Amino acid sequence: MRQFFTRTRGRTRLHWTDWLTYLYLFAGLLLMFAPVLWLVLSSLKSEAAISDFPPTLLPYTQKMVMLADEQGVQKLRPLFLVQGADGKPHQMVELRRIGIIATMVDAVHPEQQVKINIKLRTPVREVSVATGNYTGLFAKFNFLQNLNNSVFITVVATLITLLFNSMAAFALSKYRFRGQQTVLLLIIATLMIPPTIILVPAFLIVSGVGLFNSLWGVIWPAVATPTGVFLLRQYMLTIPDELIEAARMDNASEWRIYWKIVLPLSAPALAVLAIFSVMWRWNDFLWPLLVLSKPEKFTLQLALNSFQGELTTEWHYLLAMTVITLVPVTLVFAFLQKYIATGIASAGVK
């Protein structure tokens, strides 16, 4: 691995093409992962740190020290740096503040109080991880119930999508019947229909069959996707017909051929469709928003929307929740990413 990452075109020093290549790769890496890194680090900031300007990358917070007031009550108080008469910065603690004037004492010798303009002081900051952004989610709403709803919809919808799309792709790739190309063209033509156009008819159908406010009402309308049918059909065309003919000569049923031969050989394409399906179902917001109105039926995406208020938005919880919703998709992609190139490349080869 070290030899792979350190190899260069130049023999003794980096060639100009090496510099250009590394610059291009670094720019691509920064463009892809910088927003994700910023999101994760921001989710660890406190509510006050998120609104700081200029913003910082690391989760800094105001450093607090325990100090007693005139009545002897111990209390956490903010620490600041103030330029002293000797020209050196001194750490001072704020006791109270009225307008732009703060009453402060020296952190080492708190006997004498001084009044300082708040513009003449600098907050002392330290890196502090606000784990309460994540633990507080359980108190804000029923996180486990919403997570269970999202997982149920994603897993069940993905399994049904793989089953229905693979069966349709098997019929369109290995059977010969009148109107075969017409059926395929009609399926592909549905890709040109914007999803928003069919929202009203789909909602009326779901309501008519009694699936309103049901997780199954979110699952069924989108289990058959033209993208999945086309992707799997193109891949199944690469499977030799001789294998199927040999299985038929051994008296294998059509279902056995599909289940035991075609599906295992189509694993790379199925993995690609599984990744797409998980991303579609997990990140879906508009359709669940129309079908589900009860909070106990909400998915994580709908729960995220609850943090967006009319007057205020709890950004620290919103960012933490966004990170949590990214984890499952990232894990699925990490485990199945090796099939993406193979599945997509093979799907276009007959």
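The second largest pocket in this predicted model is lined by Met279, Asn283, Thr325, Leu326, Val329, Thr330 and Phe333. Its volume comes out at about 250 Å³. Two helices, H13 and H16 (315-336), each put at least two residues into the lining of this pocket. H16 is the main contributor here, giving 5 residues. Sorted by class, the lining of the second largest pocket splits into 4 nonpolar and 3 polar residues, with no charged ones.

H13 turns up again in the largest pocket, so to speak a bigger affair, with about 950 Å³ of space. The lining of this largest pocket counts 31 residues, and the closest to the pocket centre are Pro195, Ile198, Pro221, Ala222 and Arg281. Helices H6 (143-174), H8 (199-208), H9, H10 (226-236), H13 (267-283) and H14 (286-291) are the elements that each give two or more residues to the lining. H6 takes the largest share, with 5 residues. As for chemistry, the lining of the largest pocket comprises 22 nonpolar, 7 polar and 2 charged residues.

Then there is the enclosed space. The structure holds just 1 cavity of 30 Å³ or more, and the volume of the largest cavity is about 30 Å³. Around the largest cavity sit Lys45, Ala49, Asp52, Thr56, Leu58, Tyr60 and Arg125. By class, this lining has 3 nonpolar residues, 1 polar residue and 3 charged residues.

Helix packing was looked at for H11 and H12. Two packed helices are described by the angle between their axes and the distance between the axes. For H11 (residues 241-249) and H12 (residues 254-265), the angle is about 145° and the axes lie 10 Å apart. The crossing of H11 and H12 is right-handed. On the H11 side, the contact is made by Leu243, Ile244, Ala247 and Arg248, which meet Glu254, Ile257, Ile261, Val262 and Leu265 of H12. Taken by class, the contact of H11 with H12 has 7 nonpolar residues and 2 charged ones, with no polar residues.

A word on confidence rounds this off. Across the protein chain, pLDDT averages 84, and 89% of the residues score at least 70. Confidence is highest in helix H9 (residues 215-219), at a mean of 93, and lowest in helix H17 (residues 338-347), at a mean of 58. H9 is also one of the helices giving two or more residues to the lining of the largest pocket.

Definitions and conventions
Residues numbered from 1 in each chain as written. Predicted model: local features only at pLDDT ≥ 70, side-chain atom pairs only at ≥ 80, totals over all residues. Heavy atoms only, no water. 1 Å grid on protein atoms, 1.4 Å probe; cavity = no way out; pocket = protein on both sides within 12 Å on 5 of 7 lines; lining within 4 Å. Points joined across faces, edges and corners; volume = space filled by probe spheres on them. Nonpolar A, V, L, I, M, F, W, Y, C, P; charged D, E, K, R; others polar. pLDDT = per-residue confidence, 0-100. Helix = DSSP H or I, 4+ residues; strand = E, 2+ residues; numbered from the N terminus. Axes fitted to C-alpha atoms, helices over the stretch in contact; angles between N-to-C directions. Left-handed = near helix turned anticlockwise from the far one by under 90°. Contact = heavy atoms within 4.5 Å.
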